[in-house]
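Here's a quick tour for anyone meeting this structure for the first time. Keep the 3D view open and follow along.

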Amino acid sequence: MNEKLFAQLDASYAEMVEIRRYLHMNPEPSFHEEKTAAYIREFYEKLGVDVRTGVGGNGVIATIQGAKPGKTLALRADFDALSIQDQKEDVPYRSQVPNTMHACGHDGHTATLLVLGKTLHSMRDELEGTYVLIHQHAEELAPGGAKPMIEAGALDGVDVIFGTHLWSTTPFGRIDTRVGPLMAAADRFELTVQGRGGHGANPHETKDAVVIASQMVVNLQQLVSRRVDPLESAVLSVGSFVAQNPFNIIADQAQLIGTVRTFSESIRTLMEKEMARVIEGTSLAADSTYEFNFVRGYPAVVNHEAETVYLKSIAEKVPGVEEVYDAPPQMGGEDFSYYLEKVPGAFFFTGAMPDGEVYPHHHPKFDFKEEAMLVAAKTLGSAAINYHSQVE
C-alpha cells in the first residue's frame, strides 16, 4: 500500500505546487485567515470529504474514514502567515498582499496535507481506521490556534498525532527529529521601569530610567550563567529597549521586552521566579518602581518515545529520504506542543534547503525547495497508514 500512496502523491505533485504557490501569493496573518480557511473547506467539500470549520476560531478539520476498523490518527498543518513584506524578486509566486507573506513554510504545510488528504480519501476503501486532518490557524502568534482547537474537540478520540515543519536550513532529503524535547517553551516578558525624569544638566535631581533599565539588562543576563544548572538549557534575550526622549532630557520611563526559552518546566519556573527577584532588587537599589509581566507562551515540544522511534523507522523507507538525523533540541517554539501534551505523537523537520542562496525562517526572502513537500507528504502518509499494523 505504501507504493500506491507514493505513486499517487508523485502524480499529484504538480497540484501540490499549484496550491502552495496560490497560498503564497494570497497570505493571511494569524487570526485573520478567513479566506484561507474557506479555500481549505472548499477543497475538501469538492472531494466529498467530511469537513468542519470554525474549530476554535479559523481552524478546519477534515475526517476520512477507512473501510476497515482501526485507530484514529491525526495529522496537523498550520496555515497562517507573518506580517513581513515579501522581498523575493525572481519568483512568479511572490506575495500579492502588502506586508504579509508566508515566511515560515505554512503554505507548504497546507499544500502537503491537502494533497495527502485527497490521496488518503481516494484510498479509503483499503485503509484501516480514521484519519483526522487538522488544519490549524494562528501558529505564529500566541496564544496560538492549537489550544482553542483542542478545546473545541480537535483531538477527541485521537490515538496518535504526527506533524512536520519544512525547514529551509536543513538539507533536502534529511528528516530531523528526536525523542524527548525537540523545541523550547517560548515565553515573553515585558518590563517597565519608572524613575523620575528631569533636565540632562541636573542628573542628581533625577532617577534615570535608562541607567536603571541598563542595570536590569546586565543583572538579568547573569541568570542563565549563574542560576541555571549548566547541564540544563535556557535563553534570556532582551529584544527591545525603549526610552524615547529629547537629547537633553533624562528619561523617567524605560521599557524592556524580551523572550525566555527553556525545555523543562522546572527551569521555566525558576527563570520566572529569579527574574522577578532580580528586577525587584535592582529597582529597590535604585529607589525606583516597575511593572513586570512574564507571559507564558507555548510549552516545549516533547516527542513521545515509541511514536518517535516508529516515525524514524518509517522515514528511513520513504523515497527521497537520504538521512534520518537524531537532531539536537532547538530554541524555537511551536504550539504543536499542546497536541503532544494530550495524546502520544511526534513532530519532525523535513529538510527543505533550496538551491542557491538560503534564507532563514521569518526572513523577507524566505523560500524553500518545493520537492520537500512531497517528502513530507510521503513520510506523514506512510506513518499514518502503517501505524495500525506496526504499533501495538
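## A lysine and its partner

K88 and D86 make a salt bridge, and their closest N and O atoms sit 3.0 Å apart. Keep in mind that this is a predicted model, so distances like this one come from a prediction. Are these two buried or exposed? Both K88 and D86 turn out to be buried.

K88 also shows up in a pocket: it is among the residues closest to the centre of the second largest one, along with D90, V91, E357 and D367. That pocket holds about 390 Å³ of space and has 19 residues lining it. How do those lining residues divide up? There are 10 charged, 7 nonpolar and 2 polar ones.

## More salt bridges

The structure has 24 salt bridges. D367, one of the residues closest to the centre of the second largest pocket, belongs to a network of salt bridges that also takes in R20, R21, D107 and E370.

Then there's K207, which forms a salt bridge with D287, again with the closest N and O atoms 3.0 Å apart. Where in the chain do the two sit? K207 is in the loop between β9 (198–199) and α6 (209–220), while D287 is in the loop between α8 (265–286) and β13, so the pair links distant parts of the chain, 80 residues apart. K207 has a relative accessibility of 21%, which makes it partly exposed.

For a pair within a single helix, look at R277 and E274 in α8: they are 3 residues apart, which means about one helical turn separates them. Their closest N and O atoms are 2.6 Å apart in the salt bridge they form. R277 counts as partly exposed because its relative accessibility is 45%. E274, at 5%, counts as buried.

## The largest pocket

Now over to the largest pocket. How much space lies in it? About 580 Å³. Its lining is made of 28 residues, and E140, A142, A186, R261 and Y298 are the ones nearest the centre. Four strands give two or more residues each to that lining: β5 (160–167), β8 (185–194), β12 (253–262) and β13 (289–298).

By type, the lining of this pocket breaks down into 11 nonpolar, 10 polar and 7 charged residues.

## A strand covered on both faces

Strand β6 covers residues 174–177. In a regular strand, side chains alternate between the two faces of the sheet. Here R174 and D176 are on one side, with I175 and T177 on the other, and all of them are buried, so both faces of the strand are covered.

Which strands does β6 pair with? One is β15 (residues 323–326), in the parallel sense over 4 bridges. Another is β16 (residues 345–351), which runs antiparallel to β6 and is joined to it by 2 bridges. I175 has a bridge partner in each: V324 in β15 and T350 in β16.

## A largely enclosed helix

Last stop: helix α4, residues 106–122. Of its 17 residues, 15 are buried, so the rest of the structure largely encloses this helix.

What span should α4 have, going by 1.5 Å a residue? The expected value is 24 Å, and the end C-alpha atoms are 24 Å apart, so the two agree. D107, one member of the salt-bridge network with R20, R21, D367 and E370, falls within this helix's residue range.

How values were computed: Residues are numbered from 1 along each chain as its sequence is written. This is a predicted model: local features need pLDDT of at least 70, side-chain atom pairs count only at pLDDT 80 or more; totals for chains, interfaces and linings use all residues. Side-chain values use heavy atoms; hydrogens and water are left out. On a 1 Å grid over the protein atoms alone, a cavity is a set of points where a 1.4 Å probe fits but cannot get out, and a pocket is an open set with protein on both sides within 12 Å along at least five of seven lines; lining residues have an atom within 4 Å of a point. Grid points are joined across faces, edges and corners, and a volume is the space filled by probe spheres set on the points. Ala, Val, Leu, Ile, Met, Phe, Trp, Tyr, Cys and Pro count as nonpolar, Asp, Glu, Lys and Arg as charged, and the others, Gly among them, as polar. The expected span of a helix is 1.5 Å times one less than its number of residues. Buried means under 20% relative accessible area, exposed over 50%, partly exposed in between (1.4 Å probe, protein chains only). Two strands pair if DSSP finds at least two bridges between them. A salt bridge is a side-chain nitrogen of Lys or Arg within 4 Å of a carboxyl oxygen of Asp or Glu.
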